[in-house]
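Student: Before we look at any pair of side chains, could we agree to justify each label by setting its value against the cut-off behind it?
Tutor: Yes, let us take the pairs in turn and reason through each.

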Amino acid sequence: MGTEIPTSPEISEALLLPETNKTAATVILDQGEHVPEWKEQITIRGLVVSALLGTLFCIITHKLNLTVGIIPSLNVAAGLLGFFFVKSWTGFLSKLGFTVKPFTKQENTVIQTCVVACYGLAFSGGFGSYLIAMDEKTYKLIGADYPGNHAEDVINPGLWWMIGFLFVVSFLGLFSLVPLRKVMVLDYKLTYPSGTATAMLINSFHTNTGAELAANQVKCLGKYLSLSLVWSCFKWFFSGVGDACGFDNFPTLGLTLFKNTFYFDFSPTYVGCGLICPHIVNCSVLLGAIISWGFLWPFVSQHAGDWYPADLGSNDFKGLYGYKVFIAIAIILGDGLYNLVKIIAVTVKELCSNSSRNLNLPVVTNVVDDEASEILLVKKKRDEVFLKDRIPLGFAVSGYVGLAAISTATIPLIFPPLKWYFVLCSYFIAPALAFCNSYGTGLTDWSLASTYGKIGLFIIASVVGSDGGVIAGLAACGVMMSIVSTAADLMQDFKTGYLTLSSAKSMFVSQLVGTAMGCIIAPLTFYLFWSAFDIGDPNGPYKAPYAVIFREMAILGIEGFAELPKHCLALCYGFFVAALIVNLLRDITPPKISQFIPIPMAMAVPFYIGAYFAIDMFVGTVILFVWERINRKDADDYAGAVASGLICGDGIWTIPSAILSILRINPPICMYFKPALAS
């Protein structure tokens, strides 16, 4: 995202686009199709296009990071623009009479992978969070007299040290989960919605058979891409200045529910994710939103003034925000660690018994129907290509150990308060957290790298204490975020490569190249913003909202866990145990029952983020459910194309909208809602 599991399916095969007749029909493989060797999939023109798109997407990511702090997935846009640029290039050279090498879907996939790896560092590099939280402006904004906020804990951004820091921390995540690529993609069959949508797009543009269905799917994708793009453009005109305007803040379910984030925000991206993600994932997300924003947070809010001070800001960890973050972390860790322990146990059993087909993996029940033979042929071809070019286990382990040693020796030179033994401890636990994040991303398309980074931030800051704890905690956050984020991106791209018949080795190499590009391009593009704009000004356009949040969390860590709100730790323990119990129930109950038991990892996401995207994804799953009841074949054939078009169009619009924002061209209208005046 195959072992048959008669007793404990994780996700029903009928709900998974990539592995069923949905994709078998979507991508009709030409039996004579030539799959290039992995070295042929990586080209000079592809790397040039990757560098150009990587630069563009880094600028977009920095812009969004420093304004609203929310970064949508640009994977689909990367695949589409990569196709457009290379096709335009080859077409132009052909008209001039030059002989050009054919542009394959594997090369297209390599470009997309390289671009994602590059711009991913603009997020995980902490340019809008932990790195900028170290600067003098954030220190002054919190206040020199604020308890735990010391003038010694200040390091202003510098181009060279930022590049050096990214080079020593960004590659470890690529080596941490490489040995588990088969388990995550083939055995667990995780959907990775953005990766699947990207593969759908790339395959659509590289169909050699000319089949009528493939042509219709391309038309369908283009139709919904255009509708999504036009709709996103239309929404922009009403979004005004600030974060309270437009369709993104439309109280579709009433103002009362809107205050608790229950509203449909007309996002094509999340509706598309709802069409791709299995029904149980979408329903789990909605259930998590109802439990948290419908009951738990209103209940906790009623105790403001008793459990925590009532006059705290909305992002103060001593208040309601602390409950949101740490309870979500508890659920994520409970679910992720349960599956981690289980996969280790299953792997050991496989090595000992050499009977992997009979293992009770928490994965997928295979469905046999009239088109089973066609599905199996497609799957067999993909499996062969994906497993052909192996990445040796010894290479992955030695790479991780070697890079960890270099990083352990180097990071204390950049951040003296973060001692070498703290860095070493981080690298011991990082693979487990990387697995948790990659697993969750495969289910819901949400990478919670910043959440895992906050774990390291809080723990290290509390251990180091007042003498350098802020810098040590923020740097530890960077170490953890870099590993878990790049690991999730790699697995997402492995999924795309699997569906496009791209070599796993070419995916890994392109990730390495893209990461190297990002280590240079991301700091350079950030430094343009840093030099040209007043970053961190609370009254300006580049407020860097997460800088204060991350620094305040480090300060809270210095004061210790006792500074958390009343009953917060008790609730965390309760939800951690609940996640373990729910997972256990999913494994021990019969399939007819377990298929309706929610997934804790998916339930945890809205606890922290809000309920609005859960509404969007549930709308997507309802559309698919009704569509399947009306015409199952059409739903199987075109649901993926519709979803990909919705995600693509909305993703592409982020580029012109970011350019308009950089040029300081604001939307002309602010549409907002307020209660009617009493008569």
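**Salt bridges and exposure**

Tutor: In this predicted model, Glu37 and Lys388 form a salt bridge, with their closest N and O atoms 3.2 Å apart. The two residues belong to distant parts of the chain, since Glu37 sits in the loop between helix 1 (21-26) and helix 2 (44-67), while Lys388 is in helix 15 (residues 372-388), 351 residues apart.

Student: Why is the contact between Glu37 and Lys388 called a salt bridge?
Tutor: The closest N and O atoms are 3.2 Å apart, and the definition asks for a Lys or Arg side-chain nitrogen within 4 Å of an Asp or Glu carboxyl oxygen, so the pair qualifies.

Student: Why does Lys388 count as exposed?
Tutor: Its relative accessibility is 52%, and exposed means over 50%, so the label applies to Lys388.

Student: What makes Glu37 partly exposed?
Tutor: Glu37 has 38% relative accessibility, which lies between the limits of 20% for buried and 50% for exposed, and therefore Glu37 is partly exposed.

Student: How do you know that Lys566 and Asp306 form a salt bridge?
Tutor: Their closest N and O atoms are 3.3 Å apart, and the limit is 4 Å, so this pair also meets the definition. Lys566 lies in the loop between helix 21 (545-559) and helix 22 (568-588), and Asp306 in the loop between helix 13 (279-301) and helix 14 (320-353), 260 residues apart.

Methods:
Residues are numbered from 1 along each chain as its sequence is written. This is a predicted model: local features need pLDDT of at least 70, side-chain atom pairs count only at pLDDT 80 or more; totals for chains, interfaces and linings use all residues. Side-chain values use heavy atoms; hydrogens and water are left out. Helices (H or I, at least four residues) and strands (E, at least two) are DSSP runs, numbered from the N terminus. Buried means under 20% relative accessible area, exposed over 50%, partly exposed in between (1.4 Å probe, protein chains only).
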